[in-house]
Amino acid sequence: MATNGRKLRILAVDDDDDILALYRYFLSRDENIDLVTTLYPERAAELLEQEMFDLLITDWEMPTMKGCELIKLSRDQVRNVIMITGSEPTFSCQGSCRPDLIIAKPIDRATLINAIQAHAA
């Protein structure tokens, strides 16, 4: 899953460290992925300003900032966004706030890998 001969850089943000640990476990087998994780959407916004990422994976429901807000803040820094949520996806994300893909939790490795392959180009 490398892009142009370099590792695919993915930033994942979720307020549940167990979910982030699951992402790290799922993606640790692929040496062409550079995964950065954070529990805090504010930190994710900072990282997106400071570094280049190919893909943002975010949760919807986080205590300090909704995933939709993070997407809106990050649209100039990252082209592709996957939202993985345990919430009922009845929310409205439109315009610059809309993710490229919404996946319901729980998520398995194959679903995550397929989503990354489809949306990280």
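Among the contacts in the protein chain that join residues at least 6 apart in sequence, 64% link residues at least 24 apart; this value, like the others below, comes from a predicted model. The chain that makes these contacts has a secondary structure of four helices and five strands, which follow one another along the sequence in the pattern β-α-β-α-β-α-β-β-α. Of its 121 residues, 45% count as buried, while the chain exposes about 6,400 Å², with carbon and sulfur atoms supplying 48% of that area.

Helix H4, which spans residues 109-119, shows how burial can be arranged within one element: Leu-112, Ile-113, Ala-115, Ile-116 and His-119 are buried there. These residues lie on the same side of H4, because they cover an arc of only 160 degrees around the axis. The partners against which the buried residues of H4 pack are helix H1 (17-27) and the strands E1 (8-13), E3 (55-58), E4 (80-85) and E5 (101-104). At the start of H4, a side-chain oxygen of Asp-108 comes to within 3.3 Å of the backbone nitrogen of Ala-110.

We can turn next to the aromatic rings, of which the structure holds one pair. The rings are those of Tyr-25 and Phe-26, and the pair is tilted because the planes stand at 50 degrees, with the centres 6.2 Å apart. Phe-26 has a relative accessible area of 9%, so Phe-26 is buried. Tyr-25 also has a charged neighbour, since Arg-29 lies over its face at 5.4 Å from the ring centre. Elsewhere, Arg-9 lies over the face of Phe-53, at 4.5 Å from the ring centre.

How values were computed:
Residues are numbered from 1 along each chain as its sequence is written. This is a predicted model: local features need pLDDT of at least 70, side-chain atom pairs count only at pLDDT 80 or more; totals for chains, interfaces and linings use all residues. Side-chain values use heavy atoms; hydrogens and water are left out. Buried means under 20% relative accessible area, exposed over 50%, partly exposed in between (1.4 Å probe, protein chains only). Helices (H or I, at least four residues) and strands (E, at least two) are DSSP runs, numbered from the N terminus. The arc is that of the directions from the helix axis to the C-beta atoms. Contact means heavy atoms within 4.5 Å. A polar contact is a pair of N or O atoms within 3.5 Å; within protein, one must be able to donate a hydrogen and the other to accept it, and residues adjacent in sequence count only if both atoms are side-chain atoms. Accessible areas come from the Shrake-Rupley method with a 1.4 Å probe; for residues, only the protein chains shown count as cover. Rings of Phe, Tyr and Trp (its six-membered ring) pair if their centres lie within 6.5 Å; planes under 30 degrees apart count as stacked, over 60 as edge-to-face and the rest as tilted. A charge sits over a ring if NZ of Lys or CZ of Arg is within 6 Å of the ring centre and within 35 degrees of the ring normal.
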